[in-house]
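Please look over the sequence and the model below before reading on, and keep both in view while following the explanation.

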Amino acid sequence: MDKYPGQKRAVQYLYPSIDPFDQRMIDMGDGHKIYVEQCGNPRGIPVIVLHGGPGGGCSPGMRRYFDPRVFRVVLFDQRGCGRSRPHASVTDNTTWHLVSDIERIRETLEIERFIVFGGSWGATLSLIYGISHPERVRNLVLRGVFMMTRTELDWFYGGGAGQFWPEPWARFTDLIPEDERGDLIGAYHKRLFSGDMREETRFARAWSSWENALASVYSNGSGGDAPGDYARAFARLENHYFVNEGFLEEDGWILNNVDRLHGIPGIIVQGRYDMICPPQRAWELAQAWPDADLRMIRNAGHALSEPGISAELVRAMDQIAEQEGLQGGAGL
């Protein structure tokens, strides 16, 4: 069910629903088994979809941004979430494990190079993977850019976004004693990893609700009440990554290494009123990466399902198909 009435308009821009032609679990050899699926054209242009969170998992709707006659679409649930196992686990779960997982998936599926498509944390991981393995990336298509910097974390968990959304911010902070509110990520970490399932689920729902409340420009400030299992995985993984600042060597690591993306075409789709990942970061990235095309979407926020965001992402993928001379299945 759509959270906000206006989001239903996004569906008209998407390709019809499709089922995967391949589903499998890949054993990564360290206790993690990763769910991977493929859909579209088995001989098409390979695309790998990196979901948000961390901890969000993939959904069937993510298959619909690509012409199934043209693209071979690979989706997977990152460690600890979705259909991957063990569920909600943060053991051996870092950014660099995920980069290694992408390489393992690429090798297992015998893909030489692919388009990397990711939003929010998925954009972060796309950029880190591209910087780490530029020879494996044909294009980067990013949405709602997040670069895992202290500035971004302070904005969302230090009161910046709360200045615009005081009601959900109060719900988020009121659960924490006043003397711990100077470090909300740390305060929530203590409770999300307390070992008490009821407490972990309660605080996981509050963590998830704060983010969901700000995801769409259509929001009324209600973040909803996510299912306990989903919320617990999402909140624990996201908090784990944020406590560790993305496991990057330094603050600003992505911009400091963006020159490694030289020659890789990029499209950045960014909502003008994104409260979770403010547009400043997308603009800075585009300034530092000459091969990137920044497309700022008026009257849009953060969510993948925003009509303007959905329309532009589909348009971006169709344009790549045209450039390859493969639109509508031609040449496949």
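**Salt bridges, domains and an annotated site**

In this predicted model, Asp 77 counts as buried, because its relative accessibility is 0% and the limit for that word is under 20%. Asp 77 forms a salt bridge with Arg 83, and the closest N and O atoms of the two are 3.0 Å apart. Arg 83, for its part, has a relative accessibility of 33% and therefore counts as partly exposed, since that class lies between the limits of 20% and 50%. The two residues also belong to a wider arrangement, for salt bridges that share partners join Glu 37, Arg 63, Asp 77 and Arg 83 into one network.

A search of the whole structure finds 22 salt bridges, and some of them can be followed along the chain. One of them brings together the side chains of Asp 101 and Arg 79, with a distance of 2.7 Å from N to O. This pair links distant parts of the chain, for Asp 101 sits in helix α1, which covers residues 95-108, while Arg 79 lies 22 residues away in the loop between β4 (71-76) and α1. Both Asp 101 and Arg 79 are buried.

Another salt bridge joins the side chains of Glu 112 and Arg 136, at 2.8 Å from N to O. Here too distant parts of the chain are linked: Glu 112 is in the loop between α1 and β5, whereas Arg 136, 24 residues apart from Glu 112, is in the loop between α2 and β6 (137-143). The surroundings of these two partners can be read from their accessibility, since Glu 112 counts as exposed at 55%, while Arg 136 counts as buried at 18%.

The view can now widen to the division of the protein into domains. Domain 1 is made of two stretches, 5-149 and 247-328, and domain 2 covers 151-245. The C-alpha centres of the two domains lie 24 Å apart, and the contact between them takes 38 residues from domain 1 and 28 residues from domain 2. Together the domains bury an area of about 2,800 Å² between them, of which carbon and sulfur atoms give 61%. On the side of domain 1, Phe 247, Met 275 and Ile 276 supply 25% of the area buried against domain 2, which is more than any other three residues. How many salt bridges are there between domain 1 and domain 2? The count is 0.

A last set of residues comes from a database record. An unreviewed UniProt entry lists Ser 120, Asp 274 and His 302 under "active site". These three span 183 residues in sequence, yet no two of their C-alpha atoms are more than 10.5 Å apart, so they gather at one spot. From this set, Ser 120 is part of the lining of the largest cavity.

Ser 120 is found in the loop between β5 (114-119) and α2 (121-132), and it is buried, with a relative accessible area of 8%. Apart from residues up to four places away in sequence, Ser 120 touches Arg 143, Gly 144, Phe 146, Cys 277 and His 302. Asp 274 is found in the loop between β7 (266-271) and α9 (279-288), and with a relative accessible area of 3% it is buried as well. When neighbours within four places in sequence are left aside, Asp 274 is in contact with Gly 144, Pro 279, Ala 300, Gly 301 and His 302. Gly 144 and His 302 thus appear among the contacts of both Ser 120 and Asp 274.

Notes: Residues are numbered from 1 along each chain as its sequence is written. This is a predicted model: local features need pLDDT of at least 70, side-chain atom pairs count only at pLDDT 80 or more; totals for chains, interfaces and linings use all residues. Side-chain values use heavy atoms; hydrogens and water are left out. UniProt positions are given in the numbering used here, feature names are shortened, and annotations may be inferred rather than shown by experiment. On a 1 Å grid over the protein atoms alone, a cavity is a set of points where a 1.4 Å probe fits but cannot get out, and a pocket is an open set with protein on both sides within 12 Å along at least five of seven lines; lining residues have an atom within 4 Å of a point. Helices (H or I, at least four residues) and strands (E, at least two) are DSSP runs, numbered from the N terminus. Buried means under 20% relative accessible area, exposed over 50%, partly exposed in between (1.4 Å probe, protein chains only). Contact means heavy atoms within 4.5 Å. Domain bounds come from an automatic or database domain assignment. Buried area is the accessible area (1.4 Å probe) that two parts lose on being put together, summed over both. A salt bridge is a side-chain nitrogen of Lys or Arg within 4 Å of a carboxyl oxygen of Asp or Glu.
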